[in-house]
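Biologist: Got a minute to walk me through this one?
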Amino acid sequence: MSRRTLLAVSLCAALDIGAVAQTPGAPPDLAGVWAPYRGGRGADPALAPPPPGPAVLKPAYAEAYRARRAAEDEATKRGEPLGTAAVLCTPYGMPRMMSVALYPVEILPRPGQITVITEAFSEVRRIYMDQPQLPIGDVAPGYYGHSVGLWEGDTLVVDTIAVKESVLSYQNLPHSDQMRITERMRLVTKDILHDQITIEDPVVLEKPVVYTLAYRRMPDYKMVEFVCENNREYIDEKGAVRMRIREK
Amino acid sequence: MGRATWAVACSLTFAMGLAGGNQRVLAHHSFAMFDTAKRVTLAGTVTAFEWTNPHAYIELDVPDEGGRVKHWSVELGSTSILMQGGWKFKDLKPGDKVSLILSPLRSGETGGLLVQITLPDGRVLGNGPGRGAQP
């Protein structure tokens, strides 16, 4: 959501002049289960997500990020992959929860709110519709932050703030408490959904990072329970991922 | 090409897919602790089949030529990914005799990542191929 749109929403709320103007007609139907759509063999290239833009960090963060990635690569080559929060079954949070391996997400719109549930780790985020965003600093940081949304024509625009700094961002990028995530969700066909994600962070990023996730509708799919109850992976004293085996 | 040869070819292709795109199949950790270039074939008796997340596991007693039994822990994908590959929660039970191929832990411990299994009823299953063909 642009600052201008946010301002407009805030003004409307402040002046009590009613809901934000809606495009005539019902918004597009996003209800249901959506699986990642990555294109590939047999897929329509026009429907696959466009390639992501570059991530350019401020100098103060770039070297540490590069060194971490290099250490991860080196450890993986040694067969001792470095542990991450996910190894301990910690939720991914925003924005990574929107794209975890091949797992689908379920979108549940209702008046005033759109809820997103992921299959992997059963993460839940709530998007409050047609409300002004709260100021950064007024929301306790969390894994999913605070999201507000509105329809701009056929596009659902979602603004998210207040993601914990310990929750790594896209491609494990670091971020500050000033991070803002803007999503533009749009049906490119009846059954293909694109979510263009823009990450802004004036502290960490030189310029916004932009990438697009694509999903395909799964009309008959029943979301599978995912409770992390039998996690045999752990992180050893060197920071590497290990698997516990049983004696018997 | 005979059926067995096809099975090996399929399992190798699948394994290469795993090695190349590990984050796409298992959500929460890298595969690098397993030596995916290696294959170990085991025949034994299931002592437990745990249909759980973030991974399912097969516990297996494997006798050697001398009659001594070694115990192996075999990691599978998550239940969701396995179901997409044709698995059901009741496909195995304690006492079942199975043969399977795994990629062993690099540590040398008796654990590994399932590549392929032959169930008691003869069906051959992998470790979840992902979510099938794209439209």
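Modeller: Sure, we can go through the barrel, the core and the chain contacts.
Modeller: It's a predicted model, so to speak of local features we need pLDDT of at least 70, side-chain atom pairs count only at pLDDT 80 or more, and totals for chains, interfaces and linings use all residues. Residues are numbered from 1 along each chain as its sequence is written, with chains lettered from A and ligands numbered from 1 in the order in which they are written.
Biologist: How many strands are in the closed barrel of chain A?
Modeller: Nine, running β1-β2-β3-β4-β5-β6-β7-β8-β9 with mixed pairing; strands are DSSP E runs of at least two residues, numbered from the N terminus, and two of them pair if DSSP finds at least two bridges between them.
Biologist: Which way do β1 and β2 of chain A run?
Modeller: Antiparallel, with three bridges joining β1(A) (residues 32-36) to β2(A) (residues 105-110). Val33(A) has Glu106(A) as its bridge partner in β2(A).
Biologist: New topic: what is Ile58(B) in contact with, beyond its neighbours within four places in sequence?
Modeller: Val46(B), Phe49(B), Val74(B), Leu76(B) and Leu92(B), where contact means C-beta atoms, placed from the backbone, within 7 Å.
Biologist: And how many residues of chain A are in contact with chain B?
Modeller: 34, against 36 residues of chain B. Strand β11 of chain A (residues 241-243) gives the largest share of the chain A side, three residues.
Biologist: What's the make-up of that side of chain A?
Modeller: 19 nonpolar, six polar and nine charged; Ala, Val, Leu, Ile, Met, Phe, Trp, Tyr, Cys and Pro count as nonpolar, Asp, Glu, Lys and Arg as charged, and the others, Gly among them, as polar.

Methods: Two residues are in contact if their C-beta atoms, placed from the backbone, lie within 7 Å. Helices (H or I, at least four residues) and strands (E, at least two) are DSSP runs, numbered from the N terminus.
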